[in-house]
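Here is a short report on selected parts of one protein model. It covers a sheet, some helices and a loop.

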Amino acid sequence: MDPTTSDAFGRMQARVAALSPRDAPTRISGLKREIERHNYLYHTLDAPEIRDEDFDLLFAELEALEARFPDLASPDSPTRKVGGTVLEALVSEPHETPMLSLDLHYVDASWDDPDIHPHWIHVFNRTLHENREGFLGDEMPEVVRFVAEPKLDGLAIECLFRDGAFVKARTRGDKVVGEVVTHTVGTVRNLPRRLAGPAPGLVVVRGELVLPKADFGPWNDRRVQRGEAPFDNTRNAAAGVVRQLDARAARDAPLRFYAHSLGAWEGEGEPDSEWAVIQAFEAWGFATTGHEQPCEGVREVIDYVRSYRAGRAGFPFDTDGVVVKIDDRTLQRRMPDKEGRSPRWARAFKFHQRPETTVLRAVEFSVGRTGAVTPVAHLDPVRVHGVTVSRATLHNAAQIERLDLRLGDTVEVVRAGDVIPRVARVVPDSLHAMRPPIVFPTRCPSCGAPLVRDVDASTGEADAVARCPDTLSCPAQIRTTLEHWGSRGALAIDGLGERLVDQLVSTGMVVRPSDLYHLDRDALAALDRMGPRSADNLLAAIEASKNAPLGRVLYALGIRHVGEATARDLARAMGSLDRLMAATLDDLAQVKALRGDAASSVADFFARHDVRQEIERLRKAGVRFPDEIVSVPDRTEGTLAGRTFVLTGTLSAPREVFAARIEAAGGRVADSVSKRTSYLVSGDASGSKLQKALDLGVPVLDEAALRALLEGIE
């Protein structure tokens with residue numbers, strides 16, 4: 001500390017010591033406002049007004065005053081951003097509304113050709129036409145306004161503010177449930193602790209946590225000097241820092257939060273457009289990229305994508321594309337999501353990355369959860385878009401034949417979607433024909449069963465993917481099946497991860513899912529990294545999974561072509577497992593959720609003797625396979641058609657049960673209350689949604705009234 005700073009620090013300490021209790025609240029309040037303003041100027045606007053030393057003095061004075069007057073230290077103080085919290089484990093909780101991912105389209109060199117415009121105008125207009133015909137009718141304007149913005153290459157985070165104060169932060173997780181990471185996200189310097197201006201009672205702000213490119217290298221160097229492992233890229237760094245249990249690990253990370261969308265809003269004044277949302281974020285003190293732009297019609301969107309692609313290298317943060325949203329949020333609400341995966345009103349355009357070359361040394365054939373045998377290339381390590389790659393997917397036998405791939409070839413490697421490495425092509429040379437070819441196996445590499453390929457009944461052509469048919473006896477499939485069985489979207493057995501599954505299978509304690517329900521506590525506790533307490537927790541989670549809804553159990557069974565949303569819809573359509581197992585292919589073909597080959601896949605699955613045996617074992621072990629409320633197909637003109645319901649509070653059964661009955665009667669279930677809501681169904685411990693309904697004059701039903709309404713029409 002230089003003499004000037006030392007003198008200033010001494011004067012500050014004397015000032016703190018002399019301050020009276022009567023004047024302390026005013027001084028503390030003023031310091032908080034001043035520090036937040038300088039944080040905003042420095043970290044958000046990149047326009048500091050004071051030296052770092054002067055800022056440190058202000059911060060130190062506030063810390064000293066809060067230490068002297070602890071009753072005046074509020075949760076929204078800037079000093080609380082310096083993490084000191086250590087958690088035993090991250091906890092998970094549901095989002096107010098799902099954090100969906102976006103449909104992806106890739107932008108390549110063809111976008112530089114002006115003649116590409118008509119093609120992409122057709123793509124956009126086709127999507128808009130489908131929305132007009134299917135969801136919006138005459139409400140879709142002829143010229144649609146969009147908002148285009150950079151797609152940041154970071155970690156998706158949502159921050160919940162109540163009455164303007166920061167309350168918690170969560171990761172995306174599985175889209176429905178996220179991990180609470182308030183302790184680390186709370187250390188981010190440019191994240192407001194209190195919104196600057198009027199705010200609703202509750203608002204969820206979603207955005208991206210990134211590390212600026214200029215800060216990433218020096219920070220990584222400091223990690224190496226401390227003996228810590230460096231991160232490969234800014235996205236991995238953001239994810240690694242945020243999910244630490246010790247908040248102190250995040251303290252010196254140069255993380256920045258850029259807001260981009262709303263997750264929830266409860267209160268008056270909700271913005272009616274995406275552009276108004278961005279303006280609200282900036283007014284509240286959030287950083288935005290500064291490159292958001294409204295676009296009138298599809299042509300302006302395409303111009304934005306092309307110009308952004310050309311200039312993005314100069315941006316201070318990593319980006320991997322552009323996000324395009326329909327601006328009108330009223331139109332957005334009329335467009336239902338695609339099977340819980342992605343919204344119809346937004347899409348992402350990602351940029352292809354430059355390939356890197358390396359040498360193919362070996363090919364391993366791995367067996368996945370559905371029995372698919374996938375060739376995996378083992379490569380000389382090479383850096384691809386900031387990540388060291390030594391393995392890459394080859395997809396299937398047809399891909400190997402198309403590439404004419406041989407051991408020892410020099411190959412080009414790219415990262416599909418900037419995530420999954422794949423071999424794009426072979427670099428020709430004179431020795432290629434002399435190298436040994438890669439031979440695809442005819443038997444399962446794990447259990448030795450003959451591999452099969454599905455045959456398209458209409459064309460007679462065999463599928464490109466070879467599969468092992470022994471789903472319940474192949475060791476490779478057992479491991480992945482068990483991991484899937486315990487995953488969040490399936491039976492959510494906390495603690496049943498890859499490492500434990502490997503031990504359970506290797507020791508022979510588990511060879512099929514039903515064995516999980518007969519585990520011995522002492523044998524489980526004796527496994528590596530378990531112990532009595534972990535064993536008890538796992539057994540409790542396994543016991544709780546016996547009561548999972550039928551849709552989750554169907555998803556856990558791992559039926560081909562049946563994802564999480566399809567399993568839920570199938571359960572509602574069929575009503576019970578017995579009815580589903582007795583259904584013919586014609587019966588299943590009538591279920592709207594079963595598209596393409598899904599109906600025949602379900603029929604084939606339940607026709608298998610080994611599957612029926614395993615279901616019987618599960619039932620004897622206590623798995624309930626509870627019946628669902630049967631939905632009524634094609635009842636679009638039901639008694640409740642045109643009415644929108646919102647469910648809140650604790651009801652006597654899961655909300656999904658009542659939602660299914662409402663939808664079966666032609667009604668619609670929404671997540672938030674608005675003037676368009678027909679009824680709010682209120683259970684015990686209802687919160688802000690009930691108050692909002694009362695403020696808007698929305699009729700409120702208790703559970704008995706809802707049941708009476710439904711029983712009158714069913």
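E7 and E8 pair over nine bridges, in the antiparallel sense. Within this pairing, Leu 209 stands opposite Phe 257 in E8. The model is a predicted one.

E7 and E8 belong to an open sheet of four strands, in the order E5-E4-E7-E8. The pairing in this sheet is antiparallel. Strands E5 and E8 form the edges, and each of them pairs on one side only. From one strand to the next, the twist averages 25°.

Is edge strand E8 enclosed or open to its surroundings? Ten of its eleven residues are buried, so E8 is largely enclosed by the rest of the structure.

Six bridges join E4 to E5, and these two strands also run antiparallel. Here Leu 160 stands opposite Lys 168 in E5. In a regular strand, side chains alternate between the two faces of the sheet.

The two strand pairs with their opposed residues are set out below.

| Strand pair | Bridges | Opposed residues |
|---|---|---|
| E4 and E5 | six bridges | Leu 160 and Lys 168 |
| E7 and E8 | nine bridges | Leu 209 and Phe 257 |

A helix also meets this sheet. H7, residues 234-242, lies across E4 and E7. Helix H7 runs at about 45° to E4.

Next come the helices later in the chain. Two packed helices are described by the angle between their axes and the distance between the axes. The axes of H20 (residues 598-607) and H21 come within 5 Å and cross at roughly 70°. Angles of 65 to 115 degrees count as roughly perpendicular, so H20 is roughly perpendicular to H21. H20 brings Phe 605, Phe 606 and Ala 607 to the contact. H21 brings His 609, Val 611, Arg 612 and Ile 615. By type, the residues of this contact are five nonpolar, one polar and one charged.

H21 also helps to cover H12, residues 475-485. Buried residues in H12 are Ala 476, Gln 477, Ile 478, Thr 481, Leu 482, His 484 and Trp 485. Their cover includes strand E12 and helices H13, H16 and H21.

One loop residue remains. Where is Arg 334 found? Arg 334 is in the loop between helix H10 (329-333) and strand E11 (346-351). Its relative accessible area is 35%, so Arg 334 is partly exposed. Arg 344 is ten residues apart from Arg 334 along the chain, and their C-alpha atoms are separated by 9.7 Å.

Conventions
Residues are numbered from 1 along each chain as its sequence is written. This is a predicted model: local features need pLDDT of at least 70, side-chain atom pairs count only at pLDDT 80 or more; totals for chains, interfaces and linings use all residues. Side-chain values use heavy atoms; hydrogens and water are left out. Two strands pair if DSSP finds at least two bridges between them. Axes are lines fitted to C-alpha atoms, for helices over the stretch in contact, and angles run from 0 to 180 degrees between N-to-C directions. Contact means heavy atoms within 4.5 Å. Buried means under 20% relative accessible area, exposed over 50%, partly exposed in between (1.4 Å probe, protein chains only). Angles under 35 degrees count as roughly parallel, over 145 as roughly antiparallel, 65 to 115 as roughly perpendicular and the rest as oblique. Ala, Val, Leu, Ile, Met, Phe, Trp, Tyr, Cys and Pro count as nonpolar, Asp, Glu, Lys and Arg as charged, and the others, Gly among them, as polar.
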